[in-house]
Amino acid sequence: MVAALRFQSIEPTITSPIRCQREREMLLRRLQSAILAAVMVTTPAISPALASVPLTDAASMSASRTASVVLVKTPRDFESAMRAARPGDTIALADGEWRDFQMVVDGSGRPDALITVTAQTPGKVFLTGQSNLRMAGRYLVVSNLVFKDGYSPTGEVISFRRNRENRATDSRVTGMVIDSFSKPERRESDNWVAMYGQNNRFDHNHLSGKTNAGTTLVVVRDEQQGLENRHRIDHNYFGPRPNLGSNGGETLRVGTSHDAESNSYTVVEYNWFDNCDGEVEIISNKSGGNIYRGNVFFESRGALTLRHGDGNLVEDNVFIGNGKPHTGGIRIINRDQTVRNNYMVGLAGEGFASALTVMYGVPNSPANRYVQVEGATIQNNTIVNARSVFLGAGMDAERSAAPVDSILEGNLIVNTDGHDPIRIRGDISGLRLEGNIQSLDGDMQAIQGVTQRSVVMVRGSAGLSVPEDLDGVGARPDLRVVHRQDTGVSWYPKNASAVALDSGAMISVHPGEDTLTSAFAAGAAGDQLVLKPGEYQVSAVLRVDRPMTVRAEIPGTVTLVFDRPTLFEIVRGGSLKLVGLTVSGQRAPDSAGNAVVRATGNAANYQLLVEDTLFTTLTVNRAFDVIYADKGTTADLVSLTGVTVRSVSGSVLSANTETDDLGFYNVERLEVEGSVFEDIRGAAFDVYRGGTDESTFGPNVRVEGSVFRRVGNNASPVAALDLHGVQRAVITNNQFIEGGSFRFYRTVGAPSFSASGNSFDRAPEAWSNLYAAEGDR
């Protein structure tokens, strides 16, 4: 544990000038030693890779004069101290909240005398509201501050530049926390950390909870500053990043397609990526000459993607999926990539998020498309219980260039359930397979260069499963994993999780006028409001800004009526569960766009669960929906189980507002089971995902064992299920009677559509424009 720094008043109380001066110097020395001790404990010494940016001890700070240590309590004091700072000085921000503080660290230290900005006590200085940090100069260190409860007023929270002309070089940011410091609107983009300049280090930081568009950490390159960055990004904890529902949710990106043909020489090593689910590219490499070494990807959807740039090295990384959907490994594109000694276990991703993906390219591709794989070395990797290893992914009319002059050798593939994960598409003769071993536990396809044999896995010295009697195949048996506690900071929790539905108190509510309104306003996150039998009249919109459950004490004995256009409004931070209720729209006003439940504004990554509930008489206008998702909102899950919906003029779920065709959509997973829908004028479920971007996994739809009677229109036709751009749909054992059926329209990616056991009575059978991919084997 790091001891808190205890600051006393810098002004001594003794009146003698000589004694004052001596006491002042002694106090300053004590303060600087305390600060340096805290920095050294919380941020380990810099590696030889950045020897030009060392942490110093107290002796080196006084080479030319006594270095000062200044405790500042206001932004104005900080600015004054910063202007006066000289090599070796330390500025400490006083404990507490610094609100709306746009901090600029601008100065020039020396290799042996850094200028340091830090916290009085690590983790007790909070930058809130509209705050950010900009750095410019040389030999600077900023450490131990927390960004929380706000967002940056600019496009970056931490920036290694003050403006285009003034950047930081040979500098370090360490021991910092950025926690849920997201812009309110999901579409409004920013980068939490932007690394400019050269020879900078970003290490032992904690970044978690980004919900808006933009990369968590980006290396920005341009010719003005020099393209060879030579940064080091190490020992950081990249905490959970929820699904963005669009392109632009990368956790880390190095470069852009514009400058991808040059080298950055950035090193990304020993970081922990924990549930980083923003999009299909966890890391997006868009430059050359970079190293990705020793990182852990834990239950993170997507893959480390060598999207642009040549000559990159990916080695000694560990990918742990634990069967979580869409967890992937490494995707290979471009020239001269080396992927070796990586360990992948329990990865359930397919397609572009396979454990190992080798892409087809575009002939004579521009840098911003898909450069043909050429000269790749894929060597000594271990893949255990993976869903997919995909060789030849992405082949289509544009991407027609097969991998060439490449080798896949000495890799180990083990699936203990007998599943064969290897998928080959197109011509891979340019990818030579040699000395690979696949466990013989099922009906495996014969592939030249892959030997099938029994493989016994045992626990290795480093804790990973390794083959018992194989040498030179798969990852090294002594491959060691960086521990989560060795990344980020020790004084800020890594396991802080959102409050779950049904995790709080159970609160009894009696029927009457606005009794539910009062109980809902007073309820805490996770609480369950248990409604006694009777009718509940609601005259206010119930704002759902936290997880809340409303359930009937006895199912079928509780009726909710409301006289506003919306009963429940889900906003940011909210999730909702409804159980055993009857909801009637008979008293709702005749307003445009009525909905029982509306997700609005900045609602992101919410859950809406409805069980054993009846919705009826939603007919006072032409478009009264049960659930409506406003533009800019996204649900992780909408689930309806045992639900009955009767007499609705709109849709059961209207999730079709993202019509800009930029890849955004309103719901990641829709699950419907054992429900009945009758007399629905619109599509029961209208889900839209437009555009041609391939960076997302959803939407995903499952509808099973339900009845659709007089839903949609069998003459127009209006489909009972209208699924546009959905990436995976499973429609099984449903009845479609006297109305529409379902429509599935493919827009992008490799969508999966499965329909079986459905019956159609005076309803057209389904249609789709989905075509089967050719060339699989």
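## Strands 44 and 46

In this predicted model, strand 44 and strand 46, the latter formed by residues 528-531, pair in the parallel sense over 4 bridges. One of the residue pairs that can be located here is S508, whose bridge partner in strand 46 is V530.

Helix 3, residues 515-522, packs on the sheet. The helix touches strand 44, strand 46 and strand 49, the last of these spanning 547-552. The direction of helix 3 makes about 160° with that of strand 46.

## The ten-stranded sheet

Strands 44 and 46 belong to an open sheet of 10 strands with parallel pairing. The order of the strands is 44-46-49-52-55-58-61-64-67-70. Strand 44 (506-509) and strand 70 (752-756) stand at the edges; each has a single partner strand, so one side of each is left without a neighbour in the sheet. From one strand to the next, the twist averages 10°.

## Strand 26 and its partners

Another part of the model to examine is strand 26, which covers residues 302-308. This strand is mostly covered, with 7 of its 7 residues buried.

Strand 26 runs parallel to strand 23 (residues 281-286), and 4 bridges join the two. Within this pairing, I283 has L304 of strand 26 as its bridge partner. Strand 26 is also joined by 4 bridges to strand 29 (residues 327-332), again in a parallel arrangement. Here L306 stands opposite I332 in strand 29.

Conventions. Residues are numbered from 1 along each chain as its sequence is written. This is a predicted model: local features need pLDDT of at least 70, side-chain atom pairs count only at pLDDT 80 or more; totals for chains, interfaces and linings use all residues. Side-chain values use heavy atoms; hydrogens and water are left out. Two strands pair if DSSP finds at least two bridges between them. Axes are lines fitted to C-alpha atoms, for helices over the stretch in contact, and angles run from 0 to 180 degrees between N-to-C directions. Contact means heavy atoms within 4.5 Å. Buried means under 20% relative accessible area, exposed over 50%, partly exposed in between (1.4 Å probe, protein chains only).
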